[in-house]
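Hi everyone, thanks for coming. I'll show you a structure, and then we'll talk about its pockets and a pair of helices.

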Amino acid sequence: MIPAIAIAVDLGATNVRVALVDNEGKIIRRLSEKTSRDGKRGRVVTDQIIRLIRAFTSGISKSRIRGIGISSMGPLDLKRGGPYKSPNVPFTFIPLVDSLRKTFGLPVFLLNDANAGALAEHYFGKSRGKDNLVYITLSTGIGAGAIVNGRLLLGRSGNAAELGHLIVDTAYNLPCTCGKGTGHWEGLASGRNLPRFFAAWLQKTRQRSVAPVRDARNIFDSARGGNRLAGSFLEELARVNARALSDIIVAYEPERIALGGSVALQNAPLIIPGIKKHIDRYLRVPEISLTRFKDDVGLVGVAGAVLSNG
């Protein structure tokens, strides 16, 4: 029997990636371009994806392809089938599901990138066979996907488990960059907001940094180099991260928490031990470890969604 494959699309504000993924979660072909911004309507991105898929699948028997899975930036409008008012792109809406279904005559599955990450772990990762898990991406922002009793939680409009907006702090009172509140996990611990959190921590503790902090990488590099101030700040960051994961554990009682995203993947030895040190133990602490799929987690996850339903 010829093995089935899925077309996987990872749509971000910066890049759009297309891959062919087999039923073991292995990427067998891939292509990437900068996400199009040339035009007044999101249809230009749809047309870009269609062009990539056509070029990508030339010569492949359609009978092998079970469908198209899309891991997308959010927030999503699942009824209309695309991302709606996503930050960092100049389009109100990008029509995906109906356009791709009509063009290729294949089933189309749309998920936000964090939910796709949860499915990658569920179908192909260390959490394979586990019915309760949470995937968290610590990157420019913070997102999550939760599988409870074997089912992916979607919520009313496909945006459930927006765990980056858990309230984890009332001491610094930093407004979140979402514009909807203060003390959110993403507003402190995301890659975008870590320098701001560091500055607030310095002010609160009445300390001064000798070198300017331009981005999150400066903080982690300084800590790796033995800088005492950066090391002390990472202890405070560990408390914040541990509060968030403690909330997640009592909310979902997962068997495993998988971490992804650039901040986690590049700095795991400076992040994971601190979380384990400060985490609450009201319920049993699950395994906490990195995803093995790295930046491909979204592609693998939506392929799993396609192949499990094909």
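I'll take the pockets first and then the helix pair.

Keep in mind that this is a predicted model. So, how much space lies in the largest pocket? About 1500 Å³. There are 45 residues lining it, and Met73, Gly74, Asp113, Thr140 and Gly141 are the closest to its centre. Several elements each supply at least two residues of that lining, including β1 (5-11), β4 (65-72), α3 (113-124) and α8. Which strand gives the most? That's β9, with 3 residues. If you sort the lining by class, you get 14 nonpolar, 21 polar and 10 charged residues.

Now the second largest pocket, with a volume of about 250 Å³. Here 13 residues do the lining, and closest to the centre sit Phe109, Leu110, Leu111, Leu154 and Ala305. β7 provides the largest share, 4 residues, and α2, α3 and α9 are among the elements that each supply at least two. The classes here are 11 nonpolar, 1 polar and 1 charged.

Okay, helices. You describe two packed helices by the angle between their axes and the distance between the axes. For α7 (residues 228-252) and α8 (residues 262-278), the angle is about 65 degrees and the axes are 8 Å apart. The crossing of α7 past α8 is right-handed. Who's touching whom? On α7, the contact includes Leu234, Ala238 and Leu245, while α8 brings in residues including Leu270, Ile271 and Gly274. Altogether the contact residues split into 7 nonpolar, 3 polar and 3 charged.

That's my bit, thanks!

How values were computed
Residues numbered from 1 in each chain as written. Predicted model: local features only at pLDDT ≥ 70, side-chain atom pairs only at ≥ 80, totals over all residues. Heavy atoms only, no water. Axes fitted to C-alpha atoms, helices over the stretch in contact; angles between N-to-C directions. Left-handed = near helix turned anticlockwise from the far one by under 90°. Contact = heavy atoms within 4.5 Å. Nonpolar A, V, L, I, M, F, W, Y, C, P; charged D, E, K, R; others polar. 1 Å grid on protein atoms, 1.4 Å probe; cavity = no way out; pocket = protein on both sides within 12 Å on 5 of 7 lines; lining within 4 Å. Points joined across faces, edges and corners; volume = space filled by probe spheres on them.
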